[in-house]
Amino acid sequence: MERHGDQIEVTEREASNIPRATHNVRIVLAASLLLAVVVMSLVWIIPALS
């Protein structure tokens with residue numbers, strides 16, 4: 001951010017409100033979904049085998 005008198009200039013990256021770590025959120029959500037599917041499947045399959 002640079003200031004020239006009363007005018008403030010910001011870069012495109014500084015002005016955007018995009019989070020920088022979106023791929024980490026995707027990985028956590030995908031892993032959580034996979035874990036939930038596996039656990040729910042085991043809860044359903046193991047009693048059915050007995």
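## Ser16 and the inter-helix loop

Ser16 occupies the loop that joins helix 1 (12–15) to helix 2 (22–49). The structure described here is a predicted model. With a relative accessibility of 34%, Ser16 is classed as partly exposed, because this class lies between the 20% limit for buried residues and the 50% limit for exposed ones.

The position of Ser16 can also be described relative to His4. These two residues are separated by 12 positions in the sequence, and their C-alpha atoms lie 21 Å apart in space.

## Overall architecture

The protein chain contains 2 helices and 2 strands. In sequence order, these elements follow the pattern β-β-α-α. The radius of gyration is 24 Å, whereas the globule rule gives 10 Å for 50 residues; the protein chain is therefore more spread out than a compact globule.

The dimensions along the principal axes give a further description of the chain. Its C-alpha atoms fill a box of roughly 80 × 10 × 10 Å.

## Surface and charge

How much of the protein chain counts as buried? Of its 50 residues, 0% fall into that class. The exposed area of the protein chain is about 5,000 Å², and carbon and sulfur atoms supply 66% of that area.

Charged side chains comprise 4 positive and 5 negative groups. The centre of the positive set and the centre of the negative set are 13 Å apart.

## Glu14 in helix 1

Glu14 belongs to helix 1. Its relative accessibility of 43% places Glu14 in the partly exposed class. A polar atom of the Glu14 side chain lies 3.0 Å from the backbone nitrogen of Thr11.

Glu14 can also be located with respect to Met1. The two residues are 13 positions apart in sequence, while the distance between their C-alpha atoms is 7.7 Å.

## Asn24 in helix 2

Asn24 is a residue of helix 2. Its relative accessibility is 38%, and Asn24 accordingly counts as partly exposed.

Asn24 and Val39 are separated by 15 residues in sequence. Measured values are not involved here; the computed C-alpha to C-alpha distance between Asn24 and Val39 is 22 Å.

## Confidence of the prediction

The mean pLDDT of the protein chain is 87, and 92% of the residues score at least 70. Which elements mark the two ends of the confidence range? Helix 1 has the lowest mean pLDDT among the elements, at 80, and helix 2 has the highest, at 93.

Where pLDDT is low, the predicted coordinates should not be interpreted in detail.

How values were computed
Residues are numbered from 1 along each chain as its sequence is written. Side-chain values use heavy atoms; hydrogens and water are left out. Helices (H or I, at least four residues) and strands (E, at least two) are DSSP runs, numbered from the N terminus. The radius of gyration is taken over C-alpha atoms; the globule rule is 2.2 Å times the number of residues to the power 0.38. Buried means under 20% relative accessible area, exposed over 50%, partly exposed in between (1.4 Å probe, protein chains only). Accessible areas come from the Shrake-Rupley method with a 1.4 Å probe; for residues, only the protein chains shown count as cover. Lys and Arg count as positive and Asp and Glu as negative; His and the chain ends are not counted. The place of a charge is taken as NZ of Lys, CZ of Arg, CG of Asp or CD of Glu. pLDDT is the predictor's confidence in each residue, from 0 to 100. A polar contact is a pair of N or O atoms within 3.5 Å; within protein, one must be able to donate a hydrogen and the other to accept it, and residues adjacent in sequence count only if both atoms are side-chain atoms.
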